[in-house]
Amino acid sequence: MKIYTKQDLNDYSLSLTYDDISLIPTRISQVKTRSEVNTKFKFLGLELSVPVISSPMDTVTGIEMAKELTNLGCIGIVNRFDSSVKELFANGNLADGMRAVSISLTSDEQLIERASENNMIVCIDTANANNAYVLKKCEEIKSKYKVKVIVGNIANGATLKQLSDAGADAVRIGIGGGSMCTTSVQTGIGIGQVSSLIDVYYTRKKEKLDIALIADGGIKGPGDVAKALACGADIVMLGRMLAGTKETPGEVIKYDDQLWKKYRGSASFGVKMKNEFIEGEETLVPYKGSVKNVVNGISDGLRSAMSYLNCESLDDLKNIDSFAVLSTSSYLERLPRK
Ligand code: IMP
């Protein structure tokens, strides 16, 4: 079997996603236990302990989730539909413990101003970063305020330089891969996540750009987090993995003798509440209890992957260069059987 390097995966003829690849340990690991490895790193000037950022979706990140993720050494981006952020700011209540807010192209200036005063990251939450109005908004914010700006989304590196020139500090990578996403079905647009990430990673390298890469959408478990980082992402953005936890906005629902919470796409009917173009689904996910358990599970899985691969730091993991491309049967063999 061929052991693929990242460059090989970049040259691969087909678009690949997380389930198509696997990480291969090729060295004797010097890591004694997984608690020994270091997952601390700096992202947009913030010290983080686990490379997780929550998606700014209305069923994922409100103020409670954002604060708890900060406690856990991650980042939560409060969704742009949440008016309580404005209230917090209006009451002179500093956004204690919150690190990031999202805005739309039409969000009012005050929100950005307050976010800037509070040293918060601003995420321009749009489906397509390759848009003149998104670039203009990013340029405007960067020229007026001293804030870090996240833009999104892109599916390959063709426009990375333009986004970077507009001042974007980080970019969300992924079109069509989100678990509630019907973009590809509705529009025919999108690329597998592994191919998207690697293409943007090499573009950043080749063009020597200073922009952080966020793997956004399609991450199903800690193993996919490890794969995303090994494909060059600096951090992963999660929707579904965090959905259903206690800290997400929304009620716990009892149905069929089980507890659930709602999870829906930002472009779903439930969010838009009108019959315009819908690119997202809505579902119920099992209630998962505290988000701390989910984050700890990710941290454990990631540390274990790093120990297999002889990686002491996340930078080592990003430099991993030994991948398998899986046949369908070897993919299926990887799954537990009952
Ligand atoms: P998940 O972690 O696989 O559930 O993916 C979450 C990501 O899906 C988000 O961060 C967005 O990039 C994307 N997303 C959220 N809502 C929608 C939608 O309504 N349509 C398409 N993509 C969406």
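**Salt bridges, sheets and a helix crossing**

A search of the whole structure, a predicted model, finds 20 salt bridges. Side chains of opposite charge can pair when their charged atoms come close. One salt bridge joins K86 and D108. The closest N and O atoms of this pair are 2.8 Å apart. K86 belongs to helix α3, residues 84-90. D108 sits in the loop between β6 and α4 (109-117). The pair therefore ties together parts that are 22 residues apart in sequence.

The strands were examined next. Eight strands close into a barrel. Their order is β4-β5-β6-β7-β8-β9-β10-β11, and the pairing is parallel. From one strand to the next, the twist averages 30°. Within the barrel, strand β6 (residues 100-103) pairs with strand β7 (residues 121-124) in the parallel sense. Four bridges make up this pairing. A100 has I121 of β7 as its bridge partner. Helix α8, residues 193-206, packs on the sheet. The strands touched by α8 are β8 (149-154), β9 (170-173) and β10 (212-216). The direction of α8 makes about 175° with that of β10. An angle over 145 degrees counts as roughly antiparallel, so α8 and β10 run roughly antiparallel.

A further sheet is open and has three strands. The order here is β12-β13-β14, with antiparallel pairing. β12 (253-255) and β14 (282-286) stand at the edges. Each has a single partner strand, so one side of each is left without a neighbour in the sheet. The twist in this open sheet averages 50° from one strand to the next. β12 and strand β13 (residues 258-264) run antiparallel and are joined by three bridges. K254 has L259 of β13 as its bridge partner.

One helix pair completes the description. Two packed helices are described by the angle between their axes and the distance between the axes. For helix α2 (residues 63-71) and helix α11 (residues 291-308), the axes come within 10 Å. They cross at roughly 40°. The two helices are therefore oblique to each other. The crossing of α2 and α11 is right-handed. On the α2 side, the contact is made by M65, E68 and L69. On the α11 side, V291, K292 and V295 take part. The contact residues divide into four nonpolar and two charged, with no polar residue.

Note on methods. Residues are numbered from 1 along each chain as its sequence is written. This is a predicted model: local features need pLDDT of at least 70, side-chain atom pairs count only at pLDDT 80 or more; totals for chains, interfaces and linings use all residues. Side-chain values use heavy atoms; hydrogens and water are left out. Axes are lines fitted to C-alpha atoms, for helices over the stretch in contact, and angles run from 0 to 180 degrees between N-to-C directions. Angles under 35 degrees count as roughly parallel, over 145 as roughly antiparallel, 65 to 115 as roughly perpendicular and the rest as oblique. A crossing is left-handed if the near helix is turned anticlockwise from the far one by less than a right angle, and right-handed if clockwise. Contact means heavy atoms within 4.5 Å. Ala, Val, Leu, Ile, Met, Phe, Trp, Tyr, Cys and Pro count as nonpolar, Asp, Glu, Lys and Arg as charged, and the others, Gly among them, as polar. Two strands pair if DSSP finds at least two bridges between them. A salt bridge is a side-chain nitrogen of Lys or Arg within 4 Å of a carboxyl oxygen of Asp or Glu.
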